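Subject: Structure for your review

Dear colleague,

Please find below the structure that I am handing over to you. My notes on it follow directly after.

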Amino acid sequence: MRRKALLLLGLFVLAVLAEGCIGEGKEGQGYTVKVVKNGQALKEYTLSDLKKFKMVEFTVDGKVQEGPALEDLLKGFSYQKVTLIGVNGEMELTKNQVKEVILDFTHRGTVKMASKSIPKSEWIKDIYEIKLG
């Protein structure tokens, strides 16, 4: 009986924790992507801001990728290179590569990079900073 109660309590705690993580991701509460240059934040996009941009759609490995073009987010900013920073690392892109990248909306309420020319295994996930150089 005691084991069963502990198991149920453990499952309840996991469910509460998962709901907190999943619920926050679905709504994107608090999630932002900052555009930074020389250590100074130039712009901060919320998920709602990103959804206002024109959506670009293409398919990679049979899965539809959809989101705003990175180039559109960076209009009005001066840069020679861009570094995308996310939970799984960072990637430096040239100006030409920027033209081929979108920020695909994830089911977690974040964005990841997507590109037809960059291998999927190298894509940066849960991007939280775009550094301009």
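How many residues lie between strand 7 and strand 8 in the hairpin that they form? There are 5 residues between the two strands, and G109, located in the turn, has a positive phi of about 80°. Please bear in mind throughout that the model is a predicted one.

**The hairpin and its surroundings**

Strand 7 covers residues 101-105, and strand 8 covers residues 111-115. The two run antiparallel to each other and are paired over 5 bridges. Of the 5 residues in strand 7, 4 are buried, so the strand is largely enclosed by the rest of the structure.

Across this hairpin, D104 has K112 of strand 8 opposite to it. The side chains of D104 and K112 are also joined by a salt bridge, with an N to O distance of 2.3 Å. Both of these charged partners, D104 and K112, are buried.

K112 has a further polar partner in Q65: the side chains of these two residues make a polar contact at 3.2 Å. Q65 belongs to strand 4, which spans residues 63-68. Is Q65 buried or exposed? Its relative accessible area is 0%, and because the cut-off for a buried residue is under 20%, Q65 counts as buried. Beyond its neighbours within four places in sequence, Q65 is in contact with residues including I102, D104, K112 and A114. The contacts of Q65 also include V56, E57, F58, V60, K120 and W123.

**The open sheet**

A group of 5 strands makes up an open sheet, in the order 2-1-9-5-6, with mixed pairing. Strand 2 (40-46) and strand 6 are at the edges with a single partner strand each, so one side of each has no neighbour in the sheet. From one strand to the next, the twist averages 20°.

Within this sheet, strand 5 pairs with strand 9 (residues 129-132) in the antiparallel sense, over 4 bridges. L84 has I130 in strand 9 as its bridge partner.

Strand 6 comprises residues 89-94, and L93 is found in it. With a relative accessibility of 1%, L93 counts as buried. Setting aside residues up to four places away in sequence, L93 touches L70, K81, V82, L84, V98, V101 and I118. The C-alpha atoms of L93 and K81 are 5.7 Å apart in space, although the two residues are 12 residues apart in sequence.

**Salt bridges**

The count of salt bridges in the model comes to 4. One of them, between D104 and K112, has been described above. Another joins the side chains of E92 and K81, at 3.6 Å from N to O. This pair links distant parts of the chain, with E92 in strand 6 and K81 in strand 5 (residues 81-86), 11 residues apart. K81 is partly exposed, at 37% relative accessibility.

K75 and D72 form a salt bridge as well, their closest N and O atoms being 3.3 Å apart. Within this pair, K75 counts as exposed at 59% relative accessibility, whereas D72 is partly exposed, with a relative accessible area of 21%.

If you look at one place in the model to begin with, I would suggest the salt bridge between D104 and K112, together with the polar contact from Q65 to K112.

With kind regards

Key:
Residues are numbered from 1 along each chain as its sequence is written. This is a predicted model: local features need pLDDT of at least 70, side-chain atom pairs count only at pLDDT 80 or more; totals for chains, interfaces and linings use all residues. Side-chain values use heavy atoms; hydrogens and water are left out. Buried means under 20% relative accessible area, exposed over 50%, partly exposed in between (1.4 Å probe, protein chains only). Two strands pair if DSSP finds at least two bridges between them. A polar contact is a pair of N or O atoms within 3.5 Å; within protein, one must be able to donate a hydrogen and the other to accept it, and residues adjacent in sequence count only if both atoms are side-chain atoms. Contact means heavy atoms within 4.5 Å. Axes are lines fitted to C-alpha atoms, for helices over the stretch in contact, and angles run from 0 to 180 degrees between N-to-C directions.
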